[in-house]
Amino acid sequence: MGMTIAEKIIAAAAGVESVKPGDIHTVELDRLMSNDGTTHLTIDMYNKLRKPRIADVSKLVWIMDHNVPCDSVKTAASHKKMRDFAKEHGIQFYEGAGVCHQVMMENHVTSGELIFGADSHTCAYGAVGAFGTGVGCTDYLYAMVTGKSWLLVPETLKFNLTGKLNDGVYARDLILSIIGMIGANGANYMAMEFGGEGLRTLNMSDRICICNLCVEAGAKTALMEVDEITLDYLKAHGREPKHNFKSDADAAFAKVYDIDLSTIKPIVAKPHFVDSVVDAKECVGTHIDEAFLGSCNNGRIEDLRVGARIIKGKKVHPLVRFLVVPASAEVYRQALAEGIIDTFMEAGAIVMNPNCSVCWGSCQGVIGENEVLISTGTRNFKGRAGHKDSFVYLASAATVTASAIKGEIATADRI
Amino acid sequence: MGKIFKFQQDVDTDQIIASQYIIFPTIDEMKEHTFESLDPDFASQVQPGDYVVASENFGCGSSREQAPSVLKALGVKAVVAKSFARIFYRNAINIGLPVIVCKDLHDSVNAGDEMELSMQEGVVRVNGKEYECTKLPEYMQGILDQGGLIASLDKE
């Protein structure tokens with residue numbers, strides 16, 4: 001029996017010939033990412049160990065991104081703990097560089113790696129064919145101390161993409177459509193694998209956006225076939241693939257979906273579930289108080305270009321706050337060089353430093369009681385962006401920007 | 001015996017413990033905010049030995065281990081649900097909080113009912129009725145039995 005990409009990566013990391021879904025293996029991890037959402041607790045547990053030790057410090061990457069810059073005295077204490085520990089132990093550390101997954105993609109991840117990240121959206125790394133999966137701090141600590149962990153081999157859902165997205169339709173609309181189709185637990189415990197001719201029409205930014213959101217269908221990881229676009233991206237960032245795995249012709253998939261990209265339309269996910277998706281047209285006219293363009297899902301230069309093109313020469317609606325947050329310092333500087341930041345500010349947008357910002361509802365752009373946000377962030381859970389009685393709609397950079405201009409949910413073709 | 005606190009489907013980790021609290025320095029400082037948006041009285045009313053009973057996909061969303069940790073810190077004995085989201089499930093086992101899959105329980109019981117759990121027998125008992133639960137794979141039961149994943153590090 002052949003193997004899927006996920007199975008091949010696990011087999012390689014476990015040092016065995018083959019694996020099958022349901023097996024539990026001890027695996028060697030390539031990289032361990034942690035951010036300020038949980039690292040302070042990991043450090044507390046580390047310090048309580050009888051024999052605290054780090055198996056291989058070169059595997060660790062720590063990134064401050066959730067509450068950056070620090071917003072309170074309590075956060076300052078947690079941040080200081082993380083910063084001091086990283087320095088003391090020589091752990092690669094970023095602060096101000098951007099959202100952890102974007103920083104990882106720009107600087108570290110390569111094809112065929114097995115990566116634990118103490119953040120659910122670690123599945124984004126599948127964009128270059130790496131097996132990234134989100135873990136809690138106990139898993140993280142165990143892996144940090146031993147360099148290893150245990151992994152249950154997941155079944156794989158295969159998504160065969162054909163055709164091409166129409167103008168005005170984005171990767172964000174595609175992945176929201178898929179989550180709507182399979183449901184918020186449609187891929188629970190499974191890997192989601194993407195391939196087919198349609199994949200070749202999607203650039204690396206699109207691919208990161210798609211893989212990043214797969215956890216919202218419950219997926220353990222997301223994986224894309226490596227192709228020229230992947231290899232070009234890695235080369236441009238000075239990296240080589242570790243492995244270049246493809247699923248075997250006789251690999252077993254739990255289910256195969258064929259998706260014609262030309263059938264995808266602009267989509268909005270309504271409060272309070274990511275799988276609560278509708279045609280964006282059904283939400284047109286819904287009042288909004290705030291719009292957010294950013295996050296590890298949609299804060300890359302390609303997303304900012306889409307927004308800037310729509311808002312150039314226009315103004316943000318006077319009753320709306322429009323927050324624009326580049327996903328990394330690299331993206332920010334590129335946007336500055338292209339005049340994109342100027343375009344947003346000219347229109348009246350508030351441009352913030354790279355960080356998780358509104359997407360995680362804790363330090364920037366928090367919304368109040370009964371307020372409505374339209375966002376390119378990752379989640380629209382109840383209270384995710386602030387008050388427990390507030391409302392978050394998710395959409396593409398184009399729909400979010402169009403809505404910021406109109407003061408209500410709008411599609412870009414009507415601006 | 002412990003009391004049942006009942007929740008519906010797709011309870012996400014933001015509902016269990018919201019983002020603005022998870023960066024607090026310790027779990028003890030966070031735990032009073034558990035389920036704040038769904039049941040503001042939960043943290044003050046739950047007693048050690050009580051149970052959380054939920055429908056499908058409990059704990060979906062973020063990987064914050066703070067979610068099972070605040071439940072454990074409040075003394076919740078186990079979470080019994082129709083199904084769990086993957087990361088919550090794994091985190092709960094890793095920290096030694098029993099997470100039990102039981103398909104029939106949620107629809108048959110009410111909040112406030114008294115419940116008894118036998119992990120060995122793989123059953124829960126409520127109102128004189130017995131409900132069968134899915135047993136954990138041996139490997140995961142082993143982690144739970146030793147008190148969580150970290151306990152094994154101190155043994156090595």
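Start by selecting the charged side chains of chain A: there are 42 positive and 49 negative ones, and the centres of the two sets lie 3 Å apart. Keep in mind as you go that this is a predicted model.

**Stop 1: chain A as a whole**

Now show chain A as a cartoon. You should be able to pick out 13 helices and 18 strands. Turn the chain along its principal axes and its C-alpha atoms fill a box of roughly 60 × 50 × 40 Å. How does the radius of gyration fit a compact globule? Chain A has 21 Å, which agrees with the value near 22 Å for a compact globule because that is what 415 residues would give.

Next, colour chain A by burial. Of its 415 residues, 63% are buried. If you draw the contacts with a separation of 6 or more, residues 24 or more positions apart account for 75% of them. Switch to a surface view and chain A exposes about 14200 Å², with carbon and sulfur atoms supplying 51% of that area.

**Stop 2: a covered helix**

Select residues 100–107 of chain A, which form helix α4. Is this helix mostly covered or mostly open? Mostly covered: seven of its eight residues are buried. Show the side chains and you will find C100(A), H101(A), Q102(A), V103(A), M104(A), M105(A) and E106(A) as the buried residues.

**Stop 3: where chains A and B meet**

Bring chain B into view and select the contact residues on both sides. Here 45 residues of chain B are in contact with 53 residues of chain A. The area buried between the two chains is about 4000 Å², and carbon and sulfur atoms give 57% of it. Which three residues of chain B supply more of the area it buries against chain A than any other three? Select I23(B), R86(B) and R90(B): together they supply 20% of that area.

**Stop 4: a loop in chain B**

Finish by centring on M119(B). This residue lies in the loop between β5 (114–118) and β6 (123–126) of chain B. M119(B) is partly exposed, because its relative accessible area is 28%, and partly exposed covers the range between under 20% for buried and over 50% for exposed.

Now show what surrounds the side chain. Leaving aside neighbours within four places in sequence, M119(B) is in contact with P98(B), I100(B), Q141(B) and L144(B). For a last distance, pick the C-alpha atoms of M119(B) and A78(B): the two residues are 41 apart along the chain, and these atoms are separated by 10.0 Å.

How values were computed. Residues are numbered from 1 along each chain as its sequence is written. Chains are lettered from A and ligands numbered from 1 in the order in which they are written. This is a predicted model: local features need pLDDT of at least 70, side-chain atom pairs count only at pLDDT 80 or more; totals for chains, interfaces and linings use all residues. Side-chain values use heavy atoms; hydrogens and water are left out. Helices (H or I, at least four residues) and strands (E, at least two) are DSSP runs, numbered from the N terminus. The radius of gyration is taken over C-alpha atoms; the globule rule is 2.2 Å times the number of residues to the power 0.38. Buried means under 20% relative accessible area, exposed over 50%, partly exposed in between (1.4 Å probe, protein chains only). Contact means heavy atoms within 4.5 Å. Accessible areas come from the Shrake-Rupley method with a 1.4 Å probe; for residues, only the protein chains shown count as cover. Lys and Arg count as positive and Asp and Glu as negative; His and the chain ends are not counted. The place of a charge is taken as NZ of Lys, CZ of Arg, CG of Asp or CD of Glu. Buried area is the accessible area (1.4 Å probe) that two parts lose on being put together, summed over both.
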